[in-house]
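User: I'd like to go through this model with you and ask what stands behind each label. Could you take me through the reasoning step by step?

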Amino acid sequence: EDRYGDDYYVSEEEDEEEPYDDEEDPEYDDMIVGDMWHYFDCSFIFSRPRPVHSETDWKSMRHAYAAVVGLERSNRIADKDGDGFAVPVQARSAGDEKGRGVFVTTAPVPKGQLVWSTSMTARFEKGSEYRAFLAKIRQDFACDVLQWAYVQSISDQSAEVDKPLVSVDLDAGSFINTVTEEDEEPNLGCHEQAALEHKGGCQQNYFALKDIQVGEELLLDYGDFAIREGWEWFGL
Ligand SMILES: C[S@@+](CC[C@H](N)C(=O)[O-])C[C@H]1O[C@@H](n2cnc3c(N)ncnc32)[C@H](O)[C@@H]1O
């Protein structure tokens with residue numbers, strides 16, 4: 001059955017879609033990310049262009065996050081409106097290869113300017129929480145999240161060791177692409193000087209690393225904050 005139809009860009013019609021409700025699979029609780037990719041049929045989901053999500057879509061994901069980790073730990077992101085962007089941007093297709101991307105609109109962004117903060121970021125400490133979250137959101141959103149989520153290292157004061165943490169930005173920050181080897185430098189990242197003036201510093205804020213012109217795509221270097229081999233470490 002094709003649950004997606006041809007009008008995939010028609011946003012109102014999409015609200016009818018449900019979380020993945022296939023027969024309960026007892027093996028789901030043991031799945032790692034590659035298994036879940038198959039389980040949610042993500043190759044099919046990504047075989048056609050993905051839409052840019054509406055505020056309602058993002059909110060539905062933030063609500064699911066709060067339902068899994070509880071209101072307190074969720075940092076109440078389900079109650080918040082808007083996104084983490086501090087400058088006018090537009091999320092749209094960045095081409096067939098890259099999928100969606102984020103572009104500067106309206107006015108150039110000067111070097112050192114705050115561009116985006118992790119104010120809508122979901123954080124998972126256990127694989128079971130991450131799996132429960134994915135099972136609660138729409139199937140195609142689960143595939144998006146599987147593509148967006150990244151593993152970071154946090155220091156656990158009590159044990160004096162570093163622990164892996166899975167992060168997913170539940171706003172259009174998730175659409176920011178990375179530089180590749182052929183690209184030049186990222187235009188977004190940690191600006192030490194500017195970070196001094198923002199709570200959370202470079203952990204929670206991303207700054208313009210050069211002057212960014214209207215129409216330019218925001219590009220991070222994922223390697224600056226995500227651990228590539230992190231999934232195994234996290235147990236997923
Ligand atoms: C955080 S998401 C970025 C948004 C993504 N383009 C989308 O449409 O959802 C990360 C994913 O974007 C894609 N991506 C990011 N940077 C890319 C690049 N420079 N070239 C091709 N694909 C890229 C990869 O599929 C990656 O797993």
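**Reasoning from values to labels**

Analyst: Happy to. Let's start in the loop between E2 and E3, where Thr-106 lies. Keep in mind that this is a predicted model.

User: Why is Thr-106 called exposed?

Analyst: Thr-106 has 10 other C-beta atoms within 10 Å. A residue is exposed if that count is 12 or fewer, so Thr-106 is exposed.

User: What makes the backbone of Thr-106 worth a look?

Analyst: Thr-106 is not a glycine, yet its phi is positive, at about 70°. Most residues other than glycine have a negative phi. Arg-76 also has a positive phi, of about 55°, and is not a glycine. Arg-76 is found in the loop between H4 and E1.

User: Is Arg-76 buried or exposed?

Analyst: Exposed: Arg-76 has 11 other C-beta atoms within 10 Å, and the limit for that label is 12 or fewer.

User: Why does Ser-93 count as partly exposed?

Analyst: Ser-93 has 14 C-beta neighbours inside 10 Å. Exposed stops at 12 and buried starts at 20, so Ser-93 falls in between and counts as partly exposed. Ser-93 lies in strand E1, residues 89–93. Beyond four places in sequence, Ser-93 touches Pro-49 and Arg-100.

User: Arg-100 interests me. Which residues are closest to the ligand?

Analyst: The closest are Lys-98, Gly-99, Arg-100, Asn-177 and Thr-178, out of 14 residues that surround the ligand. The elements giving two or more residues to this shell are strand E2 (100–104), helix H6 (139–148) and strand E7 (177–178). H6 gives the most, with 3 residues.

User: How do the residues of the shell around the ligand divide by type?

Analyst: There are 2 nonpolar, 7 polar and 5 charged residues in the shell around the ligand.

User: What makes E3 and E8 edge strands?

Analyst: Strand E3 (114–117) and strand E8 (188–189) each pair on one side only. The open sheet has 3 strands in the order E3-E9-E8, with antiparallel pairing.

User: How do you know that E8 and E9 pair?

Analyst: Pairing takes at least two bridges between the strands. E8 and strand E9 (residues 205–208) have 2 bridges, in the antiparallel sense, so they meet that cut-off. On E9, Phe-207 is the bridge partner of Gly-189.

User: Which residues have the most contacts inside the largest nonpolar core?

Analyst: Tyr-65, Phe-133, Leu-134, Ala-142 and Leu-170, in a core of 30 residues. Two or more residues come from each of H2, H4, E4, H5, H6 and E6, and H4 gives the most, with 6 residues. Apart from this core lies another, of 20 residues, including Val-102, Trp-116, Leu-188 and Tyr-206.

User: What does Leu-134 contact, and what covers the buried residues of H5?

Analyst: Leaving aside neighbours within four places in sequence, Leu-134 is in contact with Met-36, Ala-142 and Val-145. Leu-134 is one of the buried residues of helix H5 (residues 127–136), with Tyr-130, Arg-131, Phe-133 and Ala-135. What covers them includes helix H2 (33–39), helix H4 (55–69), strand E4 (121–124), H6 and strand E6 (161–169).

User: Finally, where does pLDDT stay under 50?

Analyst: Over residues 1–15, for which the model has 7 contacts beyond four places in sequence. The chain averages a pLDDT of 90, and 88% of the residues score at least 70. For the complex, the predictor gives an ipTM of 0.99 and a pTM of 0.89.

Note on methods. Residues are numbered from 1 along each chain as its sequence is written. This is a predicted model: local features need pLDDT of at least 70, side-chain atom pairs count only at pLDDT 80 or more; totals for chains, interfaces and linings use all residues. A residue is near a molecule or strand if its C-beta atom, placed from the backbone, lies within 6 Å of it. Helices (H or I, at least four residues) and strands (E, at least two) are DSSP runs, numbered from the N terminus. Ala, Val, Leu, Ile, Met, Phe, Trp, Tyr, Cys and Pro count as nonpolar, Asp, Glu, Lys and Arg as charged, and the others, Gly among them, as polar. Two residues are in contact if their C-beta atoms, placed from the backbone, lie within 7 Å. A nonpolar core is a set of buried Ala, Val, Leu, Ile, Met, Phe, Trp, Tyr and Cys residues joined through C-beta atoms within 7 Å. pLDDT is the predictor's confidence in each residue, from 0 to 100.
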